[in-house]
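Colleague: Could we go through this model together? I would like to see how each label is earned.

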Amino acid sequence: MASDTDTSFETVTTPRVVRERVNPLRLTWRILRRYPVLPAFIVALLVIAAVFAPWLAPHDPLVGKLQDQDRPPIWEDESPISLKGPKWEYPLGTDPLGRDMLSRIIWGARYSMLIASVVLVSGALGGTILGLIAGYFGGIYDEVLMRMVDLTLGVPFILVALATVVVFDSSMTLIIALLILFSWSGFARQVRAETLRLKASDYVALAVVAGASAKRIITKHVLPGVLNTVLVIASLGIGQLILTEATLSFLGVGIPKPRPAWGSMVAEGRDYIDTSYWMALFPGLAIFAVVFAMNFLGDWIRDRLDPRLRQL
Amino acid sequence: MRRLLVRRLLAAIIVLLLASVLVFALSRMSGDVRNLFLSEYTTDEQWEAWGREYGLDKPYHEQYFRWLSGALLLDFDISVKEQIPATTVVLRKIPNTLQLAVGAYVFAMLMGIPLGIFSAIYRGTLLDLFARGFALLGQAMPGFWLGIMLILIFAVYLGWFPPGEKGDLRSLVLPSITLGWYAAAALLRLTRSAMLEILDSEFVKLARAKGASQTTVIVKHAFRNAIIVPLTFAGVFLTALLTGAVVTETVFGWPGLGRLAVQSVFGTDFPVISAIVMFATAGYLLMNLCVDILYGVLDPRIRQS
């Protein structure tokens, strides 16, 4: 999506010599088009919220005040159901238990980021190693790996996750494990394909002739060549990962309650949608903003590092 | 081509078997089926008799083969909740989900393909900006939230459509958009990039050079070639469909497969869950096989390799 803007821009106009006065408005527009300023800003905000949640959140995300149940956001006059007015303490209003929406959203960023980063790093690591092995050694390794990849792609993940959580009871560890089990395959498949390509290259053949061990060839000659691909897949996949986690939380099998997860906040707000829209609107907006920013950045990074992966 | 298809078919069967092991393991780990009928009047003899009836007195591998041979004949045991065959329970819900799927597919096609084509032709214009915004929204909005917001705007505030519950055709609109937007976004991006690539290709340049009009170039040369890409999209769509259906049907209270799946999971009705997972996996594999074949038919370059 972002891809086309970026590349197209570089080929168009801007003669090199023109160095006179540039209209500041145009300059801003140019920077906005060339660099993903807004998405980067959203991600920065997210990271800050995630890291500093205990200090940033004005209220306890788990404990509400009964007299502050169902407060509307500050720009509303009153809540249509409890007839309470807004309070500056709660800029985005409160939920049915009197908990501050803003604080819960800030803490939600922490859980979302925690899960996304753990899953992404382990999935990338595992998928890359397996992909390298399958691609380099081929044969039975390759066959086994590809069938496992097919399995994770073919089985409806949400249903298996739902069933697993019901069997084992929901916990952070289980959610992370499940998401890892289904996120490594994307890495493995692409790394395998890249490894096959690199293995056929002259410099690898030369290394074999020179008597290098398989381990040395993989780590010194193949791995550096696939790292870009891994980075691109990770940056493209993170948005999807956050969406999946939010969906599981929405269905009630994600991050266990009472921890504030954006998905489960939307689920709670859903019951009050005809009277207190803010309970579902803001957490969902947070998910949307983050996924949008991650997708945009992912496209941008892909176009810088590896435009061949456009089809992904 | 034939060898490739045989290989694919074998691979699909292996995957299906792996999925069946996974499902069987999960269903056995969910606890003893007999606990569901256990009451204070249950005698030891009755307990043992139930065990024999469900084959629980055999070792696990025998139980698995019994389960598998049943599954091959589409027999997934009796639904715990409804006390009728799980397959029947699942089959009854398929028409409802199919309606939703068709609605979503129509929405995805109507929005995705024309917007993708025109945004490639009028690249950089307002229309292109709109199309790309549409795609960005579709890929970043969580389905459950989109559904709730559509209800908020079009059912609660405007009152144009019913907020949920299956009824007349109007009740299909909001769920279809919820389910179809993500697919529409993917389709739009695919069509757009395929179209851009083709508009830049040699044969289109040649057509232009020989003086063909813009309409002829686009309709006769570009469009025909760009349409191959979205065809493969059916496979992708089907995978996204079931996940989407779980969420969409939950939000709108739609009586389809997705809602059945969620209800069965929370009611630990494992025969029904097994049936749904196996049907979905088989459907996905079958769909991909069909796409492979279709691809070979449409694109001679693939047939030879």
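Colleague: How do you know which classes the residues lining the largest cavity fall into?

Modeller: This is a predicted model, and its largest cavity is lined by B:Ser79, B:Lys81, B:Glu82, B:Val89, B:Leu260, B:Gln263, B:Ser264, B:Gly267, B:Asp269 and B:Val272. Asp, Glu and Lys count as charged, Val and Leu as nonpolar, and Gly as polar. The lining therefore divides into 3 nonpolar, 4 polar and 3 charged residues.

Colleague: Which helix gives the largest share of that lining?

Modeller: Helix 11 (residues 257-266) of chain B does, with 3 residues. The cavity holds about 80 Å³ of space, and the whole structure has 5 cavities of 30 Å³ or more.

Colleague: Now to the helices. Why are helix 5 of chain A and helix 6 of chain A called oblique to each other?

Modeller: Look at the angle. The axes of helix 5 (residues 101-137) of chain A and helix 6 (residues 139-154) of chain A cross at roughly 135 degrees and come within 7 Å. Roughly perpendicular ends at 115 degrees and roughly antiparallel needs over 145. The angle falls in neither range, so the two helices are oblique. Their crossing is left-handed.

Colleague: What makes up the contact between helix 5 of chain A and helix 6 of chain A?

Modeller: From helix 5 of chain A come A:Leu130, A:Gly131, A:Ile133, A:Ala134 and A:Phe137, and they meet A:Gly139, A:Tyr141, A:Asp142 and A:Leu145 of helix 6 of chain A. These contact residues divide into 6 nonpolar, 2 polar and 1 charged.

Terms used. Residues are numbered from 1 along each chain as its sequence is written. Chains are lettered from A and ligands numbered from 1 in the order in which they are written. This is a predicted model: local features need pLDDT of at least 70, side-chain atom pairs count only at pLDDT 80 or more; totals for chains, interfaces and linings use all residues. Side-chain values use heavy atoms; hydrogens and water are left out. Axes are lines fitted to C-alpha atoms, for helices over the stretch in contact, and angles run from 0 to 180 degrees between N-to-C directions. Helices (H or I, at least four residues) and strands (E, at least two) are DSSP runs, numbered from the N terminus. Angles under 35 degrees count as roughly parallel, over 145 as roughly antiparallel, 65 to 115 as roughly perpendicular and the rest as oblique. A crossing is left-handed if the near helix is turned anticlockwise from the far one by less than a right angle, and right-handed if clockwise. Contact means heavy atoms within 4.5 Å. On a 1 Å grid over the protein atoms alone, a cavity is a set of points where a 1.4 Å probe fits but cannot get out, and a pocket is an open set with protein on both sides within 12 Å along at least five of seven lines; lining residues have an atom within 4 Å of a point. Grid points are joined across faces, edges and corners, and a volume is the space filled by probe spheres set on the points.
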